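Me: Please take a close look at the aromatic rings in this model, and describe how they are arranged and what surrounds them.

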Amino acid sequence: MEEIYAKFVSQKISKTRWRPLSSGSLQTAETFATGSWDNEENYVSLWSIGDLGNVDSDGGFEGDHQLLCDIRHHGDVMDLQFFDQERIVAASSTGCVTVFLHHPNNQTLSVSQQWTTAHYHAGPGSPSCSSAPCTGVVCNSPEIVTVGEDGRINLFRADYKEAIKTIVWEVHFHPSNPDHLFTCSEDGSLWHWDASTDVPEKSSLFHQGGRSSTFLSHSISNQTNVHQSLISSWLSTDPARDRIEITSLLPSRTLSVNSLDVLGPCLVCGTDAEAIYVTRQLFS
């Protein structure tokens, strides 16, 4: 087994990512980025490892990873992805998404693009606009997709100042039966997520359960020593309670479903199709 080289950096590291190699390159990875979290000041940093194992004139290892450059990052780094060989996208606990540009000539990082309110909470129970952590980012040049604790999925382009598309508008647990979850989305979907124990047991992980229902397993492991009656169905690991039934509540796809509310057996939602849908038989 090859040696592992350690370097203490006086920061808690939340994310590490290798810089992608150019197409057709026969080189091995030499540069990686890191993001920190839970520090008084957080940073996105770029490092080089050189030739591991070679000894320099001072007797030290040339392969000891060396800091090329870093830049301060506001909030915890929740995710980090290379957009290309020069640009790095960072997701922040403040809801901000930032594209950093590496300048190899003088080994510095600068802000190339930034969406400061990519993810935020709004509506009852929150201020007019409060930040929501951006929890994940994926890149496929020229597009960037982000997800956050506000339930939104954002599609950005590196050269646009605003999101190209935003999807998953509202999420509501049933007020008296939290085993039932309801979501509406910009794509015109209105879904009922049923994690109650009376969902029929199915043998496969994911399959169709009829024209408008799908069963999805969410079991992780079997922990029989836990009192399952005290655990939410969404967190349960009991195989007897590991199926979610997903049902589409609208007869056909429509324009964006912008809002919904649930009370007892009744649900109401409003859409961009200038229509209001109401049902009083959610559980019939």
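Reply: Rings of Phe, Tyr and Trp, the last represented by its six-membered ring, count as a pair if their centres lie within 6.5 Å. In this predicted model, Trp18, Phe32 and Trp47 come together as one aromatic cluster.

A search of the whole structure returns 4 aromatic pairs. One of the aromatic pairs joins Trp115 and Phe156, whose rings lie 4.4 Å apart, centre to centre, with 25° between the planes. Because planes under 30 degrees apart count as stacked, the pair of Trp115 and Phe156 is assigned to that class. The two partners come from distant parts of the chain, for Trp115 belongs to strand β8 (residues 108–115) and Phe156 to strand β13 (residues 153–157), 41 residues apart.

As for exposure, Trp115 has a relative accessible area of 5% and is therefore buried, and Phe156, at 2% relative accessibility, is likewise classed as buried, the cut-off for this class being under 20%.

An aromatic ring can also have a charged side chain over its face, and here Arg152 is placed over the face of Tyr120, at 4.2 Å from the ring centre.

Away from the rings, Leu263 offers a view of an exposed position: this residue is part of strand β21 (residues 257–263), and its relative accessibility of 63% makes it count as exposed. Between Leu263 and Arg280 there is a separation of 17 residues in sequence, with a C-alpha to C-alpha distance of 9.3 Å in space.

Technical notes. Residues are numbered from 1 along each chain as its sequence is written. This is a predicted model: local features need pLDDT of at least 70, side-chain atom pairs count only at pLDDT 80 or more; totals for chains, interfaces and linings use all residues. Side-chain values use heavy atoms; hydrogens and water are left out. Rings of Phe, Tyr and Trp (its six-membered ring) pair if their centres lie within 6.5 Å; planes under 30 degrees apart count as stacked, over 60 as edge-to-face and the rest as tilted. Helices (H or I, at least four residues) and strands (E, at least two) are DSSP runs, numbered from the N terminus. Buried means under 20% relative accessible area, exposed over 50%, partly exposed in between (1.4 Å probe, protein chains only). A charge sits over a ring if NZ of Lys or CZ of Arg is within 6 Å of the ring centre and within 35 degrees of the ring normal.
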